[in-house]
Amino acid sequence: MFVSVSLLAMIAGCASAPLERSAPVAPAAFSTSAAAEEAQLALWWRAFDDPQLTQLIDRALADNPDMAIAQARIAQARAEARVAQAALGPSLNLGAGATTTQLSENALPPGLTRLTGGDGGNSGGLGLPGEAFTTYQTGFDAAWELDLFGLRRAGQGAARARAEAAVWTARDARVRLSAEVARTYFQYGALKRRLAVADEILAAHGTMLAASEARARHGLIDARDTGRRTAARDQAAAARALLAAEAQARLHALAALTGQPPLALMVATTATAPDAPQIPAGLPADLLRRRPDLRAAELRLAAADADAAAARADLYPKLTLSGTAQLASIALSSLLSADSLQATGAVRASLPLLDGGRRRATLAGRRAAADEADAAWRGQLLTALKETEDALSRLEADAMRRERLASAATAAEKVAQASRTREANGLIGATESLEARLAALQAHDAEIQAQAQQAEDTTALVKALGGGWEAER
């Protein structure tokens with residue numbers, strides 16, 4: 001007996017042994033590796049010091065349908081985990097019923113009718129042919145499959161890992177949603193500022209066209225200059241119309257992200273773009289802990305490994321304990337008496353011998369699914385490292401680009417001011433002054449685009465670092 005129990009314990013240990021996997025290795029440092037503070041990353045959008053952006057993200061996190069879907073999936077996964085937990089214990093059922101039996105009049109040979117009292121007397125008989133009677137029953141039945149080889153425990157582990165993965169997937173949805181709201185908001189703000197510049201450019205082209213037409217009427221210039229001015233004015237008008245359509249599309253996108261119909265949202269933007277905050281990258285290894293999508297992928301791998309362990313345990317014997325305790329009587333008046341008690345108990349062992357290879361094929365499939373989850377986890381880490389390095393590289397280029405374009409815009413504005421002064425003193429004509437003003441406006445437009453791109457790339461870095469969710473206390 002001791003040898004049998006020891007053998008079962010050894011087999012159980014082999015069946016439930018976890019799969020060994022090596023952890024992915026992250027590089028020692030990013031191109032910029034200053035430590036990133038968790039508090040700063042949790043509510044990173046506040047670093048832009050833009051109350052309207054904060055309001056939009058808060059509303060999106062509260063009202064966006066994707067967040068409601070993520071929460072519903074968490075509830076589903078947790079319910080499934082409770083189902084798996086319940087499978088570890090015994091089941092107990094209470095039942096009650098009544099059975100009516102009608103005996104056949106022709107079921108017994110004629111020679112046996114005396115045993116049933118069929119000769120006219122019923123004392124000592126078993127029941128008259130054709131007689132009907134009712135039996136009343138109530139009681140409990142219980143069953144418990146002992147989890148000797150970890151089949152149920154592995155199923156519970158898989159369900160719990162999936163429930164936790166659903167939590168991290170919801171956090172990843174929060175990261176992506178907040179980043180998308182910020183990106184769309186910065187794009188919309190830049191487009192609105194560019195529209196104001198486009199209006200000035202269009203007005204300048206209109207003024208130059210009117211001057212050209214007046215000079216053409218007096219024969220001072222030919223029609224070629226007027227045609228060139230007309231084409232420039234029309235191109236500026238077309239560019240302005242495209243900017244207006246793009247701005248409206250971004251506004252519609254913001255409405256959808258915050259859970260509103262496209263025309264329900266009104267956003268007022270400031271005249272200047274917010275300065276992009278400096279977001280340190282931390283260490284590459286921090287991504288394994290901080291990024292919700294990596295945590296979710298790791299938990300999905302754990303669930304897949306547990307599924308494989310359950311399939312392996314399904315190859316081993318099963319032992320089930322069952323029992324029934326009932327009160328049975330043909331009269332309700334005596335149903336609750338001690339004499340009505342009847343009970344049964346059973347132990348059942350089963351060992352799969354022949355199933356056409358179904359269980360082993362299931363195990364092979366589960367192991368392949370676990371290998372897939374492992375590869376997905378490692379691939380996701382590589383993607384996270386790439387996204388972070390890309391964002392760092394772009395931000396470095398953005399800083400230099402914005403500095404250069406700001407310098408160019410300042411220089412162009414000085415030229416435009418000097419041209420206006422010379423025009424006022426009669427040294428140059430209005431057309432030359434307006435051309436200098438156009439150059440300054442175009443330089444300012446390029447500077448606005450650089451500001452917006454830097455803010456977007458800062459958002460991309462925060463998203464790559466896994467910022468945007470708060471740890472549960």
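In this predicted model, helix H10 covers residues 430-465, a run of 36 residues. From its first C-alpha to its last, H10 reaches 53 Å, close to the 52 Å expected at 1.5 Å a residue. Just after H10 comes Gly 466, whose phi is positive at about 85°.

A positive phi also appears at Asp 49, with a value near 55°, and here the residue is not a glycine. Most residues other than glycine have a negative phi, which makes this a nice spot to look at in the backbone. Asp 49 belongs to the loop that runs between helix H2 (38-42) and helix H3 (51-63). Its relative accessibility of 67% places Asp 49 among the exposed residues, because exposed means over 50%.

Turning to the aromatic side chains, the count of aromatic pairs comes to six. One of them joins Trp 44 and Phe 48, with ring centres 6.3 Å apart and planes at 75°, so this pair is edge-to-face. Both partners are buried: Trp 44 has a relative accessible area of 2%, and Phe 48 has one of 3%. Another pair, Phe 149 with Tyr 316, is stacked, at 5.3 Å centre to centre and 25° between the planes. This contact links distant parts of the chain, since its two residues are 167 residues apart. Phe 149 sits in the loop between strand S2 (132-146) and helix H5 (151-217), while Tyr 316 is found in the loop between helix H8 (292-313) and strand S3 (318-329). The two ends of the stack also fall into separate accessibility classes: Phe 149 is buried at 3%, whereas Tyr 316 is partly exposed at 24%.

Trp 44 and Phe 48 return as members of an aromatic cluster that also includes Trp 45, Tyr 185 and Phe 186. A ring takes part in another kind of contact at Trp 168, where Arg 171 lies over the face at 4.4 Å from the ring centre.

The last element considered here is strand S1, residues 91-102. Of its 12 residues the number buried is zero, so S1 lies largely in the open. S1 is nevertheless paired: 12 bridges join S1 to S2, and the two strands run antiparallel. Within this pairing, Leu 92 stands opposite Ala 142 of S2. In a regular strand the side chains alternate between the two faces of the sheet.

Notes:
Residues are numbered from 1 along each chain as its sequence is written. This is a predicted model: local features need pLDDT of at least 70, side-chain atom pairs count only at pLDDT 80 or more; totals for chains, interfaces and linings use all residues. Side-chain values use heavy atoms; hydrogens and water are left out. Helices (H or I, at least four residues) and strands (E, at least two) are DSSP runs, numbered from the N terminus. The expected span of a helix is 1.5 Å times one less than its number of residues. Buried means under 20% relative accessible area, exposed over 50%, partly exposed in between (1.4 Å probe, protein chains only). Rings of Phe, Tyr and Trp (its six-membered ring) pair if their centres lie within 6.5 Å; planes under 30 degrees apart count as stacked, over 60 as edge-to-face and the rest as tilted. A charge sits over a ring if NZ of Lys or CZ of Arg is within 6 Å of the ring centre and within 35 degrees of the ring normal. Two strands pair if DSSP finds at least two bridges between them.
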